[in-house]
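Below is a short note on the packing in this model, arranged as numbered points. Please read it with the structure open.

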Amino acid sequence: MKSTRRSLLTLAAAGVVGLAVVTASPTTAGPAPEVAQAQAGPTYVYKVHAPLGKSAQDLLGRGFDVLEDRDGDHLFVLGGATTGADLATAGFSAVIDEVLPAPEWQPPAKKSQSPTFDAADVNETYYGGYRTINAHWSHLDLVGQNHPALATVVDYGDSWKKTQGAGGYDLRAVCITKKNAGDCALSPTAPKPRFFVMGQLHARELTTGDVAWKWIDHLTQGYGTDAEVTALLDTTEVWVVPIANPDGVNIVQQGGNSPRYQRKNANDTHGSGCSGTSSSQIGVDLNRNTDSHWGGEGTSSSPCAQTYKGPSANSEVETRALQALWRNLYRDRRGTGVTDAAPADTTGVVVSMHSYSNLVLFPWGWTTQYKAGNDAPLRAMARDLVGLAGSGWQYGQPGEVLYNAAGATDDWVYDDLGVASFVWEIGPSSGTCSGFFPAYSCQASTFWPKVKPMLMYAAKKATSPYGGGNPPTDCAKATNDADVAIPDNGPAVTSTITIAGCTGNASSTSQVEVHAVHTYRGDLVLDLVAPDGTAYRLKSSNSDSGDNIDTTYTANVSAEARNGDWKLRVQDVYSADTGYLNSWSLTL
């Protein structure tokens, strides 16, 4: 029986799958990873019984390609037709959950970084619209040229292949802010707080690179026209690394009609002959390579494993370059003890975007035995982020909702510097927009509308993530413009606005702006309902026979905390006239 976790795109007529496994030791050498290759067979997803704790960590430690997804007591493993046998041999109970079809797209023409970028590069896409690495780098150059008062492009290192003289790419970031003296300098004493976000540390997680592209455009195009963006960039530096693992992404984008599920970087010197049915197994997992409890649970010592930790902590040039960049952007505010807390006035937030399974994760990822010293505010921020994302999202330490994993970048940022740090696993576990390679249309229809408010919230929290210092006291106006029909002389209907990232209680002069289309506005009763359920009457019914409501009401809701789900409740209490709620806004 198919798992309810996802909707199958293709069902395999596989019958009984033979039980043989991908071993944890190198096999015969495969083709060069940058050459488009024929896939040896279909890609299988196995549903594996592995409850939280010892069983889950044992599965990870054996080198299987375990996805960042959980369904109760089950994890999911990516592999070929014979991977089921290896799982059985290792003592795990597994069933085929899905057989993935090969997406149809052609590889880009260039196999490494363009010497110079041109219009053809910025428009280069694959798999329906995803941008190539050269397109991303060209985009950064154009953003810097078109918005010199806002954007500064930074080269913070070289990929492994570039250090070897074998092609490869620059490692690039962009700083976006309304530039004043001292802004965007590689100094931890810069005048503004900093929000940092990166994508595609794991190469195959295509959604994260596209979100980074959209985030850059949202900020640079919104400054001066979008009040929320303008206020943010006047007070905060936003740093974006759209692709943190370009060598790995190049392997993905060179896969042609059989793209490779490459997760790691391209460093093949630590093992020889690593090959896989559906994904290249060369390289080091950059999210297991840092010296924050390097080599602990959720990592592998096998060079061919997808969670290979590398030969030593911080062995990879991409890892070291990111760490050097972070140390140039943030002061070290935390002690060395596991439970030491960073001071309440610490500034900055770092987000590493991954996919998929709709999770917001925070330190510690290497263990659930200890809580981070700043666990309470980190957990509160994660709860707010999940609230903004909507139903189906979870939050917690990785070991609370998924599995423990040591050596990750989010642990390192908090461990080494004390900066608030998160991993977002973006994308549902089921449906047409699930998986590493969702249709490009999912980016605009599903992911960006959810992630944009999360990014804005997290960026604004960079001023005071732990509640000290000088947190912002005002909340920007929030609006819900979804139409809601108002039944004639019927039950009340509601529309919801979720407020997150604000501090303290609401104002005694909070503003509720209401726009309703109705042929007899006197029939309508309006109430503002606070997150705790308390109702505040905005308008009673009366004999006003005029059409429509376009009014801003003042409400004293100072007894209420700002954050939470606020509802506008509308009821038509007389017959003969109809209408609908067009939009409403809330300023607390």
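1. The model is predicted, and a loop residue makes a convenient starting point. Asp-544, which lies in the loop between strand 20 (535–539) and strand 21 (549–555), touches Tyr-520, Arg-521 and Gly-522 once residues up to four places away in sequence are set aside. Its C-alpha atom is separated by 9.8 Å from that of Leu-524, a residue 20 places away along the chain.

2. Asp-544 counts as partly exposed because its relative accessibility is 32%, a value that falls between the 20% and 50% limits for buried and exposed residues. Within the same loop region, a polar atom of the Asp-544 side chain lies 3.0 Å from the backbone nitrogen of Gly-546.

3. Turning to the interior, the largest nonpolar core has 74 residues, and the members that touch the most others are Phe-195, Trp-215, Val-349, Val-360, Phe-422, Trp-424 and Leu-455. The largest share of this core comes from helix 13 (residues 441–461), which supplies 10 residues. A second, separate core of 28 residues includes Leu-524, Leu-528, Val-570 and Trp-584.

4. Phe-422 deserves a look of its own: leaving out residues up to four places away in sequence, its contacts include Val-349, Val-350, Val-351, Val-360, Leu-361, Phe-362, Leu-378 and Met-381, and also Ser-352 and Asp-410.

5. The whole structure contains 14 aromatic pairs. One of them joins Tyr-127 and Phe-437 in an edge-to-face arrangement, with 6.1 Å from centre to centre and 80° between the planes. Tyr-127 lies in the loop between strand 5 (125–126) and strand 6 (130–131), whereas Phe-437 lies in the loop between strand 14 (420–425) and helix 13, so the pair ties together parts that are 310 residues apart in sequence. Both Tyr-127 and Phe-437 are buried.

6. Phe-195 and Trp-215 form another edge-to-face pair, at 6.3 Å centre to centre and with 85° between the planes. This pair links strand 9 (residues 194–198), which holds Phe-195, to helix 6 (residues 206–222), which holds Trp-215, the two residues being 20 apart. Phe-195 and Trp-215 are both buried.

7. Which residues do ring pairs link into a cluster? They are Tyr-126, Tyr-127, Tyr-130, Tyr-261, Tyr-356, Phe-436, Phe-437 and Tyr-440.

8. Charged side chains also meet aromatic rings in this model: the charged end of Arg-131 sits over the ring of Trp-213, 4.1 Å from its centre, and the charged end of Lys-309 sits over the ring of Trp-294, 4.5 Å from its centre.

Methods:
Residues are numbered from 1 along each chain as its sequence is written. This is a predicted model: local features need pLDDT of at least 70, side-chain atom pairs count only at pLDDT 80 or more; totals for chains, interfaces and linings use all residues. Side-chain values use heavy atoms; hydrogens and water are left out. Helices (H or I, at least four residues) and strands (E, at least two) are DSSP runs, numbered from the N terminus. Buried means under 20% relative accessible area, exposed over 50%, partly exposed in between (1.4 Å probe, protein chains only). Contact means heavy atoms within 4.5 Å. A polar contact is a pair of N or O atoms within 3.5 Å; within protein, one must be able to donate a hydrogen and the other to accept it, and residues adjacent in sequence count only if both atoms are side-chain atoms. A nonpolar core is a set of buried Ala, Val, Leu, Ile, Met, Phe, Trp, Tyr and Cys residues joined through side-chain atoms within 4.5 Å. Rings of Phe, Tyr and Trp (its six-membered ring) pair if their centres lie within 6.5 Å; planes under 30 degrees apart count as stacked, over 60 as edge-to-face and the rest as tilted. A charge sits over a ring if NZ of Lys or CZ of Arg is within 6 Å of the ring centre and within 35 degrees of the ring normal.
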